[in-house]
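Student: I would like to learn how to read a fold from its coordinates. Could you take me through one example, feature by feature?

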Amino acid sequence: MSDAHLTERSLGGDREPVELTEEPIQLSTRDPGGDPDERPAGWSRRRKIGWTVALVVGLAGAGVLGVGGWRVMQQKDTQLTSPDRVAGLTRDDSERAKSTADYLRSGLAANIDLDRSFGTVYRDPADEKRSVLVFGGTTLLWQPERDLDSLFRLMSDETGAVNGLRELPAGDLGGVLKCGSTSGEGGDFAVCGWADHGSVVMAMFPGRSVGDAGGLLRNLRGSMQTRG
């Protein structure tokens with residue numbers, strides 16, 4: 001189709017024709033002769049968002065480190081004692097009990113570097129077969145749960161698999177407390193332990209369920225553990 005009719009059309013009204021020149025049409029009010037290195041004032045929206053995200057992430061990380069550091073400082077200076085009587089139990093100072101406690105203490109100390117270690121047997125006046133064996137020690141632990149899990153694996157190697165291991169409330173002293181069950185010459189018995197940034201303790205509870213053992217260990221810990 002020919003477009004000759006387009007060139008022959010007359011312009012209506014008094015409008016002047018638009019003259020096209022070789023100079024570029026300027027669409028911006030910015031001076032084109034300005035300094036090319038000059039940047040517009042202010043931050044772009046994308047840059048603002050990037051800095052905001054980085055700031056939030058940085059503050060969150062600092063908060064986690066702050067909370068973790070405060071917890072370590074709070075728990076690291078721990079002392080453990082073996083009271084004569086605790087939670088309705090009586091400390092057994094017989095030679096047989098001392099020998100058993102020392103054996104357990106030595107086995108624990110051989111597998112984890114402790115500043116101080118202890119081992120104690122507590123006798124249940126209501127039932128001689130329900131004596132509680134407690135052993136552990138104090139040191140600075142950066143990853144308490146990991147170290148406690150390692151001790152449970154050690155117990156599995158020594159006494160047989162610790163089954164049904166689960167976490168229970170640790171109480172006001174914090175840290176982590178776990179319990180499971182294993183089998184021995186006298187049948188099944190509960191095995192529990194706690195760990196925080198300043199201590200790690202294991203205990204055996206013949207004749208007790210895992211739930212009862214966990215509650216008893218919390219009571220024992222409340223009387224045995226103090227912080228400086």
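Tutor: Gladly! Let us begin with the naming: helices (H or I, at least four residues) and strands (E, at least two) are DSSP runs, numbered from the N terminus. Ala87, for instance, lies in the loop between E2 and E3. The model is a predicted one, in which local features need pLDDT of at least 70 and side-chain atom pairs count only at pLDDT 80 or more, while totals for chains, interfaces and linings use all residues. Residues are numbered from 1 along each chain as its sequence is written, and side-chain values use heavy atoms, with hydrogens and water left out.

Student: How many helices and strands does the chain have?

Tutor: Its secondary structure comes to five helices and ten strands.

Student: Which strands form the open sheet, and in what order?

Tutor: Two strands pair if DSSP finds at least two bridges between them. Here eight strands make an open sheet in the order E2-E3-E4-E5-E9-E8-E7-E6, with antiparallel pairing. Strand E2 (85-86) and strand E6 (163-168) stand at the edges with a single partner strand each, so one side of each has no neighbour in the sheet.

Student: How many bridges join E4 to E5?

Tutor: Seven bridges join this antiparallel pair. Two residues of E4 show the register: Phe118 has Gly136 of E5 as its bridge partner, and Tyr122 has Val132 of E5. E3 and E4 are also antiparallel, joined by two bridges; there Thr90 has Arg123 of E4 as its bridge partner.

Student: Which helices pack on the sheet, and at what angles?

Tutor: Contact means heavy atoms within 4.5 Å. For the angles, axes are lines fitted to C-alpha atoms, for helices over the stretch in contact, and the values run from 0 to 180 degrees between N-to-C directions. Helix H3 (residues 95-109) touches E4, E5 and E9, and its direction makes about 145° with that of E4. H5 lies across E2, strand E3 (89-91), E4, E5, E6, E7, E8 and E9, running at about 40° to E8.

Student: And which residues of the largest nonpolar core touch the most other members?

Tutor: The general idea is that in soluble globular proteins, nonpolar side chains tend to be buried together. A nonpolar core is a set of buried Ala, Val, Leu, Ile, Met, Phe, Trp, Tyr and Cys residues joined through side-chain atoms within 4.5 Å. Buried means under 20% relative accessible area, exposed over 50%, and partly exposed in between (1.4 Å probe, protein chains only). In this model the largest core has 23 residues, of which Val132, Val134, Leu177, Phe205, Leu217 and Leu220 touch the most other members. Elements giving two or more residues to this core include strand E4 (116-123), strand E5 (132-138) and helix H5 (210-224). The largest share, six residues, comes from H5. Apart from this core lies another, of 22 residues, among them Ala97, Ala101, Leu133 and Leu151.

Student: What share of the chain counts as buried?

Tutor: Of the 228 residues, 31% do.

Student: Is Ser199 buried or exposed?

Tutor: Ser199, in strand E9, counts as buried because its relative accessibility is 0%. Leaving out residues up to four places away in sequence, Ser199 touches Thr78, Leu80, Gly137, Thr138, Thr139, Leu141, Trp194 and Gln225. Compare Ser117, found in strand E4: with 28% relative accessibility, Ser117 counts as partly exposed. Beyond its neighbours within four places in sequence, Ser117 is in contact with Arg105, Ala109, Gly136 and Gly137.

Student: Back to Ala87, then: what is its phi?

Tutor: Phi of Ala87 is near 55°, a positive value in a residue other than glycine. At 40% relative accessibility, Ala87 counts as partly exposed.

Student: Which element gives the most to the lining of the largest pocket?

Tutor: On a 1 Å grid over the protein atoms alone, a pocket is an open set of points where a 1.4 Å probe fits, with protein on both sides within 12 Å along at least five of seven lines; lining residues have an atom within 4 Å of a point. Grid points are joined across faces, edges and corners, and a volume is the space filled by probe spheres set on the points. The largest pocket holds about 930 Å³. Of its 31 lining residues, Thr100, Leu104, Leu133, Met204 and Pro206 lie nearest its centre. H3 gives the most to this lining, with seven residues.
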